[in-house]
Amino acid sequence: MRVAWHPERDEFVKASDVEKEYGEKTADDEDTFEKPPARCRVCGRSLTLVRGRPKIVAHFRHPALLYCPTKEMARAPYLRLRPVDPDPEAGARLRRIVAERWLELYNELQLLVPYFSLQEFRTLLRRATTQRMWEYRGLQFEQVARTLVMLADYSPSTGDPGRKFWFRFWYDHGIRDIADLWIRPTDPPRLFRASFEPPAKIGGRPAYEDVIAIKDDWKQPEWVPPLRQSQIEETERWLVRFW
Ligand SMILES: [Zn+2]
C-alpha cells in the first residue's frame, strides 16, 4: 500500500514521503528496505518501505509471514456468494422486496461507494442474479447492500463523473462465507474499502502497492446526490424488464 502511519509521528503518510524523509540513511545492506518501520492502518503492525524504482512506485509492505486483512484483499477481492444450500422461495421473496425498496438499497450503496452509478447498480443486480445470491439462506434486505458491494470492483470508468480512484471492498476475519454477516451479530466482520490509484494500462487492475487509502469507519455517512426523477423512472422500467 502507498500510505501508512508514520514510523515515529502520529501522522498518516505516503510511502514516497517517507522515502524522501529517510532517504538512504537507514537502508540495510544489499536490500531496498529501510527502517524504522511504518505501521499499518488496518492491523497496526509493522510495514517496511519498498523504495520506488523506475517501474515500481514506492510502497509499504508487510513481512511475508505476517497476517493482515489487506493481504486477503490483494489475493481475493470478492467473497463467494453463490449459495451452497439455496432457498429459492426466500430468494423470490427477497427479490420482490428489492424491487419495492431499490431506492433505499441504491442510497445505501452510494454511501459505501463514492460516485456510485446506476450502471454499477444494474451490474450488481445482474451478478447477484447470475450467482443466485438472493437465495442465500437467511439473507435479509438489511444485509443486501453490504453483500452486493462485494460483487464488483468500482473503477473511474464505471462510476459517475468525478470518480478518481478505483475501489474494492473486503471483510476481515478471512471470512469466505457471507452468512457470517448475520450469524455472528455480536462480532460482525469489519468491512473495508480500499482506494487504489487506477492502473495506467487499459484493462489493467490495480495491485496491492497501489492502495492509497483504506476506510473501515462507516459511522459518518457522506453526503450523496439524489437521483433525478428521469433516472428513477428509467431504473423502474429496467427493473420491470429485468426482474
Ligand atoms: Zn496490516
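The following dialogue reads selected features of a predicted model.

Trainee: What does the secondary structure of the protein chain come to?

Mentor: In this predicted model, the chain holds eight helices and eight strands.

Trainee: How many of the residues count as buried?

Mentor: Burial is judged by counting neighbouring C-beta atoms, with 20 or more within 10 Å as the cut-off. Here 27% of the 243 residues count as buried.

Trainee: What share of the contacts joins residues at least 24 apart?

Mentor: Taking contacts between residues at least 6 apart in sequence, 64% join residues at least 24 apart.

Trainee: How should I read the span of helix α8?

Mentor: One compares the end-to-end distance with the span expected at 1.5 Å a residue. Helix α8, residues 229-242, has 14 residues, and its first and last C-alpha atoms are 20 Å apart, close to the expected 20 Å.

Trainee: How many residues of α8 are buried?

Mentor: The count is zero among its 14 residues, and α8 is hardly covered.

Trainee: Let us turn to helix packing. At what angle do the axes of α4 and α6 cross?

Mentor: Helix α4 (residues 102-112) and helix α6 (residues 141-148) have axes that come within 9 Å and cross at roughly 40°. That angle makes α4 oblique to α6, because angles under 35 degrees would count as roughly parallel and those of 65 to 115 as roughly perpendicular.

Trainee: Is the crossing of α4 and α6 left-handed or right-handed?

Mentor: The crossing in which α4 passes α6 is right-handed.

Trainee: Which residues make the contact?

Mentor: A general idea helps here: an α-helix has 3.6 residues a turn, so residues three or four places apart point the same way. From α4, the contact is made by Leu105, Glu108, Leu109 and Leu112. From α6, Val144, Ala145 and Leu148 take part. By class, this contact has six nonpolar residues, one charged residue and no polar ones.

Trainee: Which backbone angle deserves attention at Tyr115?

Mentor: One looks at the sign of phi in a residue other than glycine. For Tyr115, phi is positive, near 55°. Tyr115 is placed in the loop between α4 and α5, the latter spanning 118-130.

Trainee: Why is Tyr115 classed as partly exposed?

Mentor: Tyr115 has 19 other C-beta atoms within 10 Å, and a residue is classed as buried at 20 or more and as exposed at 12 or fewer, so this count falls in between.

Trainee: What is the phi of Arg132, and where does this residue lie?

Mentor: Phi of Arg132 is near 60°, again a positive value in a residue other than glycine. Arg132 sits in the loop between α5 and α6. This residue is partly exposed, having 15 other C-beta atoms within 10 Å.

Trainee: Where is His6, and which residues are in contact with it?

Mentor: His6 belongs to the loop between β1 (3-5) and β2 (12-14). With its neighbours within four places in sequence left aside, His6 is in contact with Glu11, Val13 and Ala38. With 16 other C-beta atoms within 10 Å, His6 is partly exposed. Asp17 is eleven residues from His6 in sequence, and their C-alpha atoms are 9.6 Å apart.

Trainee: Finally, which strand holds Lys215?

Mentor: Lys215 lies in strand β8, residues 211-215. Beyond neighbours within four places in sequence, Lys215 is in contact with Phe192 and Arg193. The C-alpha atoms of Lys215 and Ala194 are separated by 6.4 Å, although their positions lie 21 residues apart along the chain in the sense of sequence separation. Lys215 is partly exposed, with 15 other C-beta atoms within 10 Å.

Notes. Residues are numbered from 1 along each chain as its sequence is written. This is a predicted model: local features need pLDDT of at least 70, side-chain atom pairs count only at pLDDT 80 or more; totals for chains, interfaces and linings use all residues. Helices (H or I, at least four residues) and strands (E, at least two) are DSSP runs, numbered from the N terminus. Two residues are in contact if their C-beta atoms, placed from the backbone, lie within 7 Å. The expected span of a helix is 1.5 Å times one less than its number of residues. Axes are lines fitted to C-alpha atoms, for helices over the stretch in contact, and angles run from 0 to 180 degrees between N-to-C directions. Angles under 35 degrees count as roughly parallel, over 145 as roughly antiparallel, 65 to 115 as roughly perpendicular and the rest as oblique. A crossing is left-handed if the near helix is turned anticlockwise from the far one by less than a right angle, and right-handed if clockwise. Ala, Val, Leu, Ile, Met, Phe, Trp, Tyr, Cys and Pro count as nonpolar, Asp, Glu, Lys and Arg as charged, and the others, Gly among them, as polar.
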